[in-house]
Amino acid sequence: MNYKHIFSQAIDRLHEEGRYRVFIDILRNRGSYPNARCFHGHNGPKPITVWCSNDYLAMGQHPKVVAAMEEALHDVGAGSGGTRNIGGNTHYHIDLEGELADLHAKEAALLFTSGFVSNEATLSTLAKLLPGCIIFSDELNHASMIAGIRNSGCEKRVFRHNDVDHLRELLAAEDPEAPKLIAFESVYSMDGDVAPIAAICDLADEYNALTYLDEVHAVGMYGARGGGISERDDVADRLTIIEGTLGKAFGVMGGYIAADQMIVDVIRSYAPGFIFTTSLSPVLVAGVLASVRHLKASSEEREGQQASAALLKQLMAEAGLPVMPSVTHIVPLMVGDPIKAKRISDILLAEYGAYVQPINYPTVPRGTERLRFTPGPAHDEAMMRDLVSALAEIWDRLELEKTARRAA
């Protein structure tokens, strides 16, 4: 068996399909996001503008967050000391869980090392504890949710994206006495659309199902205090479990769930992904704690982000660029080909100092490859006009199809 040859072929296939992933070498400039330095190539660091960060509100650069992390570092040191049950539980962790429970109006919350882990650990553990459980999963759910459902070993039913009628059909076809869990997201990060949360909760009530809502692309950014779409739509109390991340709008790292005390205790006590991993460094937790508290009280960042996203969509449409419809902060620009998407990304970085990664299969279906822009409150109009001008030039250069120009 030639192992090296097999691995080499696997990498070659990615190159041939145009979806081999290249991670560029950058450093963000503290206090001046979205400005950064790029070390890609041989000409040394060059200034660039970042357009694809999930640090949606630039909270990773916020003075309160940085100061809280520095203070914690000098107070307790760098690491947590172990798992939560062996030396890794600190007052920072307990305070943050209290803040997150309050954010979602739930009894309790539980921290994980990432949003991926919180999804995988919670979904797999919960379903294993419910004999004969059936999970109903939106077809566009994140890979971490799919992994959790798969690892639970339970039956699953996949409903068409945001299709409440199809979900009803699937629920109605099952044994009324079987435990049921509906898993879905609030904001879907590749298309930027929003789930009909209230309608799904109506079905959950009708068919006695639990609900699991992934709010990772919405927490911090929607709702009066940043509780997500469920807070904005006043339905948080109807959801069994709300899951979120601390590495996007909150700007640091980690994941969590919020639910009633019993469910949180069950996951805390049974989930291997929680029990057997070193807890988040208190330095990170201190930063998140400052970020959550700030965004509960401040709407300035949320309002700035929404204004930036709206303007960028408008400018792209006016230039005839194929910007996809989106009612959220996500601004997807359709390309439809992995090689062309990578080529556009490379030209933007090399010639215009604009950094955006191409999004290819398996993140999105084949034939729907795109560039995904995430303008935030620190992206000003001049930056956006420069970006759109560069994109229009590249579209003409590569003879890509444009849409009908929209009048300014």
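Start by selecting G320, just after helix α12: here the backbone takes a positive phi of about 80°. Keep in mind as you look around that this is a predicted model.

**Helix α12**

Now step back from G320 and select residues 300-318, which form α12. This helix has 19 residues, and from its first C-alpha to its last it reaches 27 Å, close to the 27 Å expected at 1.5 Å a residue. Colour its buried residues next: E301, R302, Q305, S308, A309, L312, K313, L315, M316, A317 and E318. To see what covers them, show the neighbours, which include helices α11 (282-297) and α14 (381-397). Strands β11 (331-334) and β14 (370-373) are also part of that cover.

**Helix α5**

Move on to residues 143-152, helix α5. Its buried residues are S144, M145, A147, G148, I149 and S152. Which elements cover them? Turn on α4 (115-128) together with the strands β5 (134-138), β6 (155-159), β7 (180-185) and β8 (210-214), all included in the cover. Then click on G153, which follows α5 and has a positive phi, near 75°.

**Helix α1 and H15**

Go next to helix α1, residues 3-17, and pick out H15. Is H15 buried or exposed? With a relative accessible area of 46%, H15 counts as partly exposed, because that class lies between the 20% and 50% cut-offs. While H15 is selected, add V76 and draw a line from C-alpha to C-alpha: the two are 61 residues apart in sequence and 46 Å apart in space.

**The whole chain**

Finally, zoom out and switch to a cartoon view. You will find 14 helices and 14 strands. Along its principal axes, the C-alpha trace spans about 60 × 60 × 55 Å. How does the radius of gyration fit a compact globule? A compact globule of 408 residues would have a value near 22 Å, and the chain has 22 Å, so the two agree.

Try colouring by burial: buried residues make up 54% of the 408 residues. If you display contacts between residues at least 6 apart in sequence, 71% of them join residues at least 24 apart.

Switch to a surface view and you are looking at about 18200 Å² of exposed area, with carbon and sulfur atoms supplying 53% of it. For a last stop, colour by charge: there are 38 positive and 53 negative side chains, and the centres of these two sets lie 5 Å apart.

Key:
Residues numbered from 1 in each chain as written. Predicted model: local features only at pLDDT ≥ 70, side-chain atom pairs only at ≥ 80, totals over all residues. Heavy atoms only, no water. Helix = DSSP H or I, 4+ residues; strand = E, 2+ residues; numbered from the N terminus. Rg over C-alpha atoms; globule rule 2.2 N^0.38 Å. Buried < 20%, exposed > 50% of the residue type's maximum accessible area, 1.4 Å probe, protein only. Contact = heavy atoms within 4.5 Å. Areas by Shrake-Rupley, 256 points an atom, 1.4 Å probe, with all protein chains shown as cover. Lys, Arg positive; Asp, Glu negative; His and termini not counted. Charge placed at Lys NZ, Arg CZ, Asp CG, Glu CD. Expected span 1.5 Å × (residues − 1).
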